[in-house]
Amino acid sequence: MTYQIKDLEDYKRVYKESIDNPDEFWADQASTFKWIKKWEKVKECDFQGPEIKWFIGGKLNITENCLDRHLDESGDKIALLWEPNNPDQEHQSYTYRELFTEVCQCANALKANGIVKGDRVILYMPMVPELAIAVLACARIGAVHSVVFAGFSAQALADRINDAKAKMVICSDINNRGNKTIPVKKVVDDAMELSCPTIETVIVYRNSPEEINWDYRINKWWHHELDGQSPTCDPEPMDSEDMLFILYTSGSTGKPKGVVHTCGGYMVYTSFSFKNVFQYKPGDIYWCTADIGWITGHSYIVYGPLLSGATTMMFEGVPTYPDAGRFWEICEKHKVNQFYTAPTAIRALMAKGNDWPAKYDLSSIKVLGTVGEPINEEAWNWYNEKIGKGKAPIVDTWWQTETGGIMLTPLPGITDTKPCYASYPLPGIVPVLVDSDGNLVEGNDVEGLLCIDQPWPSMIRTTYGDHDRCKQVYFSMFEGKYFTGDGARRDKDGRIRVIGRVDDVINVSGHRMGTAEVENAINEHPNVIESAVVGFPHDIKGQGIFAYIITDQKQKDHSEFYDEIKAVVSKEIGPIAKPDEIMVVSGLPKTRSGKIMRRILRKIAANDASNLGDISTLLNPEIVEEIKTSKGIIN
């Protein structure tokens, strides 16, 4: 198994070793896995190309390391726990041996339907065990999986199918999510009508007894295809640099980017980061609440935990159904030890009050994690006090779809924690701050643009079908560096705080302020549930600050409330950060992964509602029209 850091001195030693001798360090981590053929060279990495290769010449199959190698000693250990949307329904569990059998049967079914190494398979499914099984089955036979969150529109799905030139879609008939039933198969049907000429087969997992539309030419039932398949399937030998998956991430403009990750480096890094960030110990129950449709679900529900021989949990539902105690009820029921969720969920549950978590025994929790966006201080403190009881360290993790794994984070029980700070790099990761000209910003108590200065095993290899886009977005801004697109601050002790996307940094009269910082201050007001801050053109300041605010009660006097908000911001940051414009809204436009679409809010703040892009893929597209109307913008 990959190395697990023990204490602060060990972290310092391992980090220094990883930077001074990266090839030797990563070779040591890789050597703990099963390789069909050992690599000939650890890496060749040219950021100019970019041309990134790790464990060159090595042959492996990632599922052998997720499943087969655990069977002799841990075959009867629970690999996967599944909690359904409906709390009255029984949860399911799969031992490593049972999961191995299911994956092999699914892999054989894929082969029987003409899927071979290199074919792309789109997975458009709810959070059911069959989604994880299908992911691993693709990897077993060398097919490239591309999971699309089962909430995207037919057009968004079709765009991804066609970009990947996928041969098969695996979906469900319906998706149970909270009190909603989402017609997943109908969305697939609609996507097919938009023209997806490369699709030959649509395999449908039955999640409901209801009748659905059926096209006998391409539709096949999951259970029919798996019934009778052999419970063993030889793993396809894969080159370390063969594609493992494509995961689409929205760009600020243009079509989604198909981020490509490959087999060897991704395997080594996700396992190493999982074991160390969560300090997973044998027998622990680990729960990441993300959807497998996002990179968090890939790396820290499926691959990282299974590579490490962990027990990993999947959840089909939402945090507030049937009530706001659902997360905490599940934690108590399964005695969860590591809990990893998004700040959006934490804020939503915080708004429901302290009585909900107080009802449940959360004493099993040893580590709390956050992912997806910087967490504001108020939410961090609530999470620390009401969920962790001040005893479970919070790992505020920063990373990206493109990085493949966690890059900056405290290590629980090893390094210190500080609200809003991702803090420290994992071994092998070299974060640097640069100015707009690419000059290094040295020392502490400074801020700049966050770049990564050395290659790491799980980094993006290309954007599918458009390598030049990969170069332009990530490697062309600053020579010899990967540009994250984020601004960051390094405090006086060297901890790093990510302060938001570069286009989420507002320049007010020459003063650069991160939107996250202003939002954090606004959220200190006791009646604020959530806020989003953007810049807008200002005749005098260059950019002004526009704040969209969700409040937990109707404000009789908006002007008094606005004055209170400005006073809070002035107190927390200074008068320069006071919002110039404030709007109370009932909701904020968010992606399905919970990220606020500030690009849309910026255009509305600037009274420009043209070219807002495809808003149908948002979690709540109707809120865009509501905000436009409130702002007085008429199409």
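Which residues point one way from strand 18 (residues 338-341), which point the other way, and are they buried or exposed? In the predicted model, Gln 338 and Tyr 340 are directed to one side of strand 18, whereas Phe 339 and Thr 341 are directed to the other. All of these residues are buried.

Strand 18 has parallel partners in strand 16 (residues 285-288) and in strand 19 (residues 367-370). Its pairing with strand 16 comprises three bridges, and Trp 287 is placed opposite Phe 339 of strand 18. The pairing with strand 19 comprises four bridges; here Gln 338 is placed opposite Val 367 of strand 19.

The loops that lead into strand 16 and strand 18 each hold a non-glycine residue with positive phi. Gln 279 belongs to the loop between helix 10 (263-277) and strand 16, and its phi is near 45°. Lys 335 belongs to the loop between helix 12 and strand 18, and its phi is near 50°. With a relative accessible area of 10%, Gln 279 is buried. Lys 335, at 56% relative accessibility, is exposed, because the cut-off for that class is over 50%.

Two cis peptide bonds were also located in loops. The bond from Tyr 321 to Pro 322 is cis, with omega near 0°; Pro 322 lies in the loop between strand 17 (311-315) and helix 12 (326-334). The bond from Gly 49 to Pro 50 is likewise cis, with omega near -10°. Pro 50 is situated in the loop that links strand 1 (41-46) and strand 2 (51-56).

The packing of helices was examined for helix 13 (residues 343-350) and helix 15 (residues 377-387). Their axes lie 10 Å apart and form an angle of about 75°. Helix 13 is therefore roughly perpendicular to helix 15. From helix 13, the contact involves Ile 346, Arg 347, Leu 349 and Met 350. These residues meet Glu 378, Ala 379, Trp 382 and Tyr 383 of helix 15. Classified by residue type, this contact consists of six nonpolar and two charged residues, with no polar ones.

The largest nonpolar core contains 124 residues. Within this core, the members that touch the most others are Leu 99, Ile 170, Phe 278, Ile 292 and Tyr 303. Helix 6 (residues 129-141) makes the greatest contribution to the core, with 10 residues. The surroundings of Ile 292 were considered without its neighbours within four places in sequence. Its contacts then include Met 127, Leu 131, Ala 132, Val 135 and Val 147. Further along the chain, Ile 292 is also in contact with Gly 297, His 298, Ile 301, Val 302 and Met 314. Another core, of 28 residues, lies apart from the largest one. Its members include Met 313, Phe 315, Ile 330 and Ile 346. Of these, Ile 346 also takes part in the contact of helix 13 with helix 15.

Helix 8 (residues 184-193) is mostly covered, with seven of its 10 residues buried. The buried positions are Val 184, Lys 185, Val 187, Val 188, Asp 189, Ala 191 and Met 192. Charged side chains thus appear in the list beside nonpolar ones, since Lys and Asp count as charged. After helix 8 comes Ser 195, which has a positive phi near 90°.

Towards higher residue numbers, four strands build an open antiparallel sheet in the order 21-22-24-25. Strand 21 (431-434) and strand 25 (496-501) form its edges, each paired on one side only. On average, neighbouring strands of the sheet are turned by 45° against each other, direction ignored. Strand 21 is joined to strand 22 (residues 446-452) by four bridges, and the two run antiparallel. Within this pair, Val 432 is placed opposite Cys 451 of strand 22. Helix 17 (residues 515-522) packs on the sheet and touches strand 24 (482-490) and strand 25. The direction of helix 17 makes about 100° with that of strand 25.

Key
Residues are numbered from 1 along each chain as its sequence is written. This is a predicted model: local features need pLDDT of at least 70, side-chain atom pairs count only at pLDDT 80 or more; totals for chains, interfaces and linings use all residues. Side-chain values use heavy atoms; hydrogens and water are left out. Two strands pair if DSSP finds at least two bridges between them. Axes are lines fitted to C-alpha atoms, for helices over the stretch in contact, and angles run from 0 to 180 degrees between N-to-C directions. Contact means heavy atoms within 4.5 Å. A nonpolar core is a set of buried Ala, Val, Leu, Ile, Met, Phe, Trp, Tyr and Cys residues joined through side-chain atoms within 4.5 Å. Buried means under 20% relative accessible area, exposed over 50%, partly exposed in between (1.4 Å probe, protein chains only). Angles under 35 degrees count as roughly parallel, over 145 as roughly antiparallel, 65 to 115 as roughly perpendicular and the rest as oblique.
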